[in-house]
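Visitor: I am new to reading protein structures, and I would like to look closely at one part of this one. Could you pick a single strand and walk me through its surroundings?

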Amino acid sequence: MFVPLRGSVGHATRPSACPPSPLQNCARNRWAQRAPQRLERTFSRRSIVLHSAAVAEQSISTLQEKYGIADHVEITQGEGGLPKVVLKHACGSKAEIYLFGGVVTSWTQPSGDEVLFVRPDAKFDMSKPISGGIPHCFPQFGPGAMQQHGFARNLDWEISTSSADLQPDDKDPSVELTITDNDYTRSMWPHAFKAVYTVTLHGEQLRTDLHVHNTGDQPFDFTAALHTYIEVLDIEVAKVRGLQGLTFLDKVPNPNEPVRGEEKRDVVEFKGPVDSVYLKAKDYVELDVGTGAAVAISSSGWEDVVVWSPWTDMPDCYKKFCCVENAKFGEAATVEPGQSWRGTQDLAVIDL
Ligand SMILES: O=P(O)(O)OC[C@H]1O[C@@H](O)[C@H](O)[C@@H](O)[C@@H]1O
């Protein structure tokens with residue numbers, strides 16, 4: 001993780017080849033203003049749409065041939081032999097994304113310090129969703145009628161494009177993953193949809209962009225979240241800022257009957273289990289990981305923020321992570337036929 005204990009802090013000591021990111025040198029709100037730019041620029045995009053071929057039927061080498069971009073995007077074998085996409089930025093940051101679940105399992109700073117957390121009980125054999133990193137919750141955040149957190153994290157996502165910005169001083173490696181409805185999804189949620197998820201390394205920052213398209217002829221509703229697991233020095237020294245004044249739903253007493261409250265604290269600390277959905281949150285929230293650094297989370301479209309620590313329900317690992325999740329839960333998203341919903345999330349490491 002990004003702790004200053006090893007004598008270097010990746011986000012503070014930057015290789016000269018990589019110019020300081022806006023976040024390092026500028027006020028947080030300036031960074032937040034930059035967030036929406038993302039993929040609107042012109043890319044050298046290797047856009048090869050896979051028609052109905054399932055990822056499972058494709059060999060990793062075929063994927064690499066189609067979507068690999070030297071030095072920036074590599075499709076390789078991950079744990080359990082599962083295909084994963086590795087994005088590498090010239091500044092030294094790196095991200096790994098498994099096609100199973102479309103889950104980002106690793107995001108490292110140029111120093112090699114990991115920011116995300118994968119639980120020790122995570123399985124990479126497709127017997128259950130990968131527990132950790134940034135799993136999808138879609139089309140249900142839960143609890144609800146279908147399996148907890150929906151089906152998107154159990155599906156094989158297909159690569160639809162990969163890209164790297166041609167600008168010599170600003171190459172942003174990116175991969176776009178897609179899922180569409182099939183018999184399995186329609187058995188739980190009878191709607192025609194296409195979800196397109198783009199993961200990009202912008203310097204040291206990790207950007208995600210989710211579009212949910214209604215490809216059917218009836219409107220549908222969904223709830224969703226990016227269930228982001230972040231490594232902390234110790235949960236008892238972790239703090240979340242940016243939630244003061246918000247209404248929250250506390251799910252600890254009973255997830256099916258959350259208790260409504262108002263957040264009075266400017267700093268949320270952890271002294272026991274926490275499982276709260278903060279409604280209509282601001283577009284910026286910060287997790288102080290206890291090392292003198294924080295993860296800055298800036299978002300659009302995602303209206304709510306979930307803070308979750310299982311505490312001693314997960315005795316082997318609860319001290320080491322905190323989930324701060326961008327969510328769309330308080331009011332479900334409604335998407336008309338032919339329309340789409342979009343949520344973006346930008347993560348950056350900042351010094352406090
Ligand atoms: O499915 P996972 O990764 O174990 O996460 C479960 C938790 O996910 C959180 O997002 C929910 O707020 C919790 O209520 C839930 O227990």
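Guide: Gladly; here is a tour of strand 21, its partners, and the places it leads us to. Please keep in mind that this is a predicted model.

Let's set the scene. The protein chain has four helices and 22 strands. It holds 352 residues, and 47% of them count as buried. Among contacts between residues at least 6 apart in sequence, 66% join residues at least 24 apart.

Now find strand 21, which covers residues 321-335. Eleven of its 15 residues are buried, so strand 21 is largely enclosed by the rest of the structure.

Who are its partners? Start with strand 11, residues 220-226, which pairs with strand 21 in the antiparallel sense over six bridges. Here you can spot aspartate 221 opposite threonine 334 of strand 21. Next comes strand 12, residues 229-231, which is joined to strand 21 by three bridges, again running antiparallel. In this pair, tyrosine 229 faces cysteine 323 across the bridge, with cysteine 323 belonging to strand 21. Then look at strand 20, residues 304-309. Five bridges link strand 20 to strand 21, and these two also run antiparallel. Aspartate 304 stands opposite alanine 327 in strand 21.

A general point helps with the next step. In a regular strand, side chains alternate between the two faces of the sheet.

Let's visit the nonpolar core. The largest one has 82 residues, and Ile230, Val295 and Val324 touch the most other members. Strand 21 gives the most to this core, with eight residues. Zoom in on valine 324. Apart from neighbours within four places in sequence, valine 324 is in contact with Thr228, Ile230, Val240, Val285, Leu287, Ile297, Val305 and Val307.

From here we can move to the ligand. Strand 20 and strand 21 each supply at least two residues of the shell around it. The residues around the ligand include Val306, Trp308, Cys323 and Glu325. You have met cysteine 323 already, as the residue opposite tyrosine 229. Others around the ligand, among them Ser131, Gln148, His149, His227, Lys251, Pro255 and Asp275, complete the picture. By class, this shell has four nonpolar, four polar and three charged residues.

One member of the shell deserves a pause: His149. Histidine 149 sits in the loop between strand 6 and strand 7. Its phi is positive, about 70°, although histidine 149 is not a glycine. With 23 C-beta neighbours inside 10 Å, where 20 or more are needed, histidine 149 counts as buried.

That loop has two other details to look for. Proline 139 lies in the loop between strand 6 (136-137) and strand 7 (158-164), and the peptide bond leading to proline 139 from phenylalanine 138 is cis, with omega near 5°. Proline 143 is found in the loop between strand 6 and strand 7 as well, and the bond from glycine 142 to proline 143 is cis, with omega near -5°.

For a contrast with histidine 149, try lysine 280, in the loop between strand 17 (274-278) and strand 18 (284-288). Lysine 280 has a positive phi of about 50° and is not a glycine. With 11 C-beta neighbours inside 10 Å, lysine 280 counts as exposed.

Methods: Residues are numbered from 1 along each chain as its sequence is written. This is a predicted model: local features need pLDDT of at least 70, side-chain atom pairs count only at pLDDT 80 or more; totals for chains, interfaces and linings use all residues. A residue is near a molecule or strand if its C-beta atom, placed from the backbone, lies within 6 Å of it. Ala, Val, Leu, Ile, Met, Phe, Trp, Tyr, Cys and Pro count as nonpolar, Asp, Glu, Lys and Arg as charged, and the others, Gly among them, as polar. A residue is buried if 20 or more other C-beta atoms lie within 10 Å of its own, exposed if 12 or fewer, and partly exposed in between; C-beta atoms are placed from the backbone. Two residues are in contact if their C-beta atoms, placed from the backbone, lie within 7 Å. A nonpolar core is a set of buried Ala, Val, Leu, Ile, Met, Phe, Trp, Tyr and Cys residues joined through C-beta atoms within 7 Å. Two strands pair if DSSP finds at least two bridges between them.
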